[in-house]
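The following exercises are to be worked through with the sequence and the coordinates at hand. Each task is followed by a solution in steps.

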Amino acid sequence: MTEPTPVTSREPILRVRGLVKHFPLTQGILFKKQVGAVKAVDGVSFDLYPGETLGIVGESGCGKSTVAKLLMNLEQATAGEVFYKGQDITKLSGRALKAVRRNIQMVFQDPYTSLNPRMTVGDIIGEPFDIHPEVAPKGDRRKRVQELLDVVGLNPEYINRYPHQFSGGQRQRIGIARGLALNPEIIICDEPVSALDVSVQAQVINLMEKLQDEFSLSYIFIAHDLSIVRHISDRVGVMYLGKMAEIGSDAAIYEHPTHPYTQALLSAVPVPDPEAREHRERIILSGDVPSPANPPSGCRFRTRCWKAQDRCAQEEPLLAIPARFAQATTPVAHESACHFAEEKDVVGAA
Amino acid sequence: MPDTNPIDPEQGPIAPGGGYGGGMDLAASDAEALEREPGHGQEPGGPTGKPRSLWSDAWRDLRRNPIFIISVLIILFLIFISLWPGTIATQDPLAANLSKSQAGPEPGHPFGFDSQGRDVYTRVVYGARASVTVGVCATLGVVLLGSVLGGLAGFFGGWWDAILSRISDIFFGIPVVLGGLVFLSVVTNSTVWPVIGFMVLLGWPQIARIARGSVITARQNDYVQAARALGAGNSRMLLRHIAPNAVAPVIVVGTIALGTYIALEATLSYLGVGLKPPTVSWGIDISDASNQIRNAPHMLLWPAGALSITVLAFIMLGDAVRDALDPKLR
């Protein structure tokens, strides 16, 4: 990263290196033999700096949610490391893992399934304190839960209600309060607003931004809505078929995309200005996303890329600042996994 | 959109232009109401409302369901007479008077007499105890064993699940009546316990499969993942998150199975391998009476009728509970 933003000069709080998750495909019921693997995440690396929001975008099935689960240790990584303050958390278990969990929490996608329907709101938000009794003394818990409800903009008197008595946006606030209960440093948000109405999305996003300032949180914000990611993110990573295609500051990704996949994604963003819409170029990709069980050789995007040449099939492009932009001082100098990275202004006048 | 119809009695007296303003007020008061009372389930009460869970919703439904009320009344009556049969049948179920063999109803003996000259009414009342004991104990045993084994298999998966599923396949493959004939014919104990043990032995795979399936479904829910992300241990996830959300199908199938266990006890007793005299049981009486159906049909009809009503009551109860717990019907 050559971009002189203040966040990058600091020590990263989370370093992800070569993260891999392969789900085995097996045959047979009693005597299982592996016949292949779905390469859901295949070598993803990035850094997260304190106080920043890293957006991760990509279409369905590209491995975004698997990355989130790997970071949370909800799935065992096939290979790769996740360093939290210098400690590899993928190998942890038992007490050490429980201690790390206090600092990395998650907000789930679907507020209708992420809250136990048999527990009251007070029990749901108070559960972190039951699991980590050192965080809040017993007599203090009810008060802490009510404070958390207040922080996320819910009436503290709702403590005895059940999740089904709340709307989707209110439920997501409860999920956020549960994530905040242990005072974590990192919150991983797996599509936290995609299940909500558009009008409610803005409320929840604004709440999350407010909480980030208040509690100096770092977010990993996974979404497929490019506009929301741009709004909330300091840096953005674009994933395609289990790999990071391009990563950089939001200005770099949105205004100076160099990877053809990013350009194609951005050209599909709705533009509210009809004038600008007339003049912009839309990139229509042909074909479907290849199966992650059998990804293409070389560059994974080559089967749908209009720039693909023989080199793309033979040599896998690495995620690095392209040589031709290495000396550039504009945000165009950011990491992009393409042999033929070039700037293309797809957002047009907007 | 605000309705500006002048005939509307509420909007009538409002000054010109009030239609739109009235609409705004309405929207505002709606928003306030929503702020105070989110979601549905607005019980009149304090500002915090009354907490409502799936179980309390189900209970509200059940209280209004006539099928549920009828079946519960029948079952309560059955439990009452199996605990205290002497309160409604004052005679001895074993007292035989051969001179009355197969005699029809007479005063004091409303259901008549059986081949041994015993009072059929008294025997029907006393027979409830064996049926209810077998049904309740077999169901408890099956539900406990099946849900523990099936739940653990569903939660941990892997080898434990593979082995358990194959074992339950083996038990599923044993025909119940044939298994009962083989297993119980070598048992000389004439109490209800061998019969109950046999039913638990053959019945647990049914509940184990259901428990396994519903635990697997519950385990995949995000709230279980969320608990794991918080650092919850296996026991907390199983007891606090999975079990309460997976227990409903087990309860429903258990209730329905209770009726079939009562019928199975009668079947085995009829075949001569279940309960044995001097235990009083509907199955034994049906067996004895079946040879005499042309001469004395009352000997068969009364115990068979009691058996049918009992089985039906439990199945109706299970059906009503299933409907009440089914979220898709809400």
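**Exercise 1.** Which pattern does chain B follow when read along the sequence?

*Solution.* The model is a predicted one. Step one is to list the elements of chain B: there are 11 helices and zero strands. Step two is to place them in sequence order, which gives α-α-α-α-α-α-α-α-α-α-α.

**Exercise 2.** Determine what part of chain B is buried, and describe its contacts and surface.

*Solution.* Chain B has 330 residues, of which 42% are buried. Among its contacts with a separation of 6 or more, 66% join residues 24 or more positions apart. The accessible surface of chain B amounts to about 17,000 Å², and carbon and sulfur atoms contribute 66% of that area.

**Exercise 3.** Is helix α1 of chain A mostly covered or mostly uncovered?

*Solution.* Helix α1 of chain A spans residues 64-71. Six of its eight residues are buried, and the helix is thus mostly covered. The buried residues are A:Lys64, A:Thr66, A:Val67, A:Ala68, A:Leu70 and A:Leu71. After the helix comes A:Asn73, which has a positive phi near 65°.

**Exercise 4.** Locate A:Asn160 and classify its exposure.

*Solution.* A:Asn160 belongs to the loop between α4 (141-151) and α5 (168-180) of chain A. Its relative accessibility is 37%. Buried requires under 20% and exposed over 50%, so A:Asn160 is partly exposed. Finally, the C-alpha atoms of A:Asn160 and A:Thr120 are 5.5 Å apart, although 40 residues separate the two along the chain.

Technical notes. Residues numbered from 1 in each chain as written. Chains lettered and ligands numbered in written order. Predicted model: local features only at pLDDT ≥ 70, side-chain atom pairs only at ≥ 80, totals over all residues. Heavy atoms only, no water. Helix = DSSP H or I, 4+ residues; strand = E, 2+ residues; numbered from the N terminus. Buried < 20%, exposed > 50% of the residue type's maximum accessible area, 1.4 Å probe, protein only. Contact = heavy atoms within 4.5 Å. Areas by Shrake-Rupley, 256 points an atom, 1.4 Å probe, with all protein chains shown as cover.
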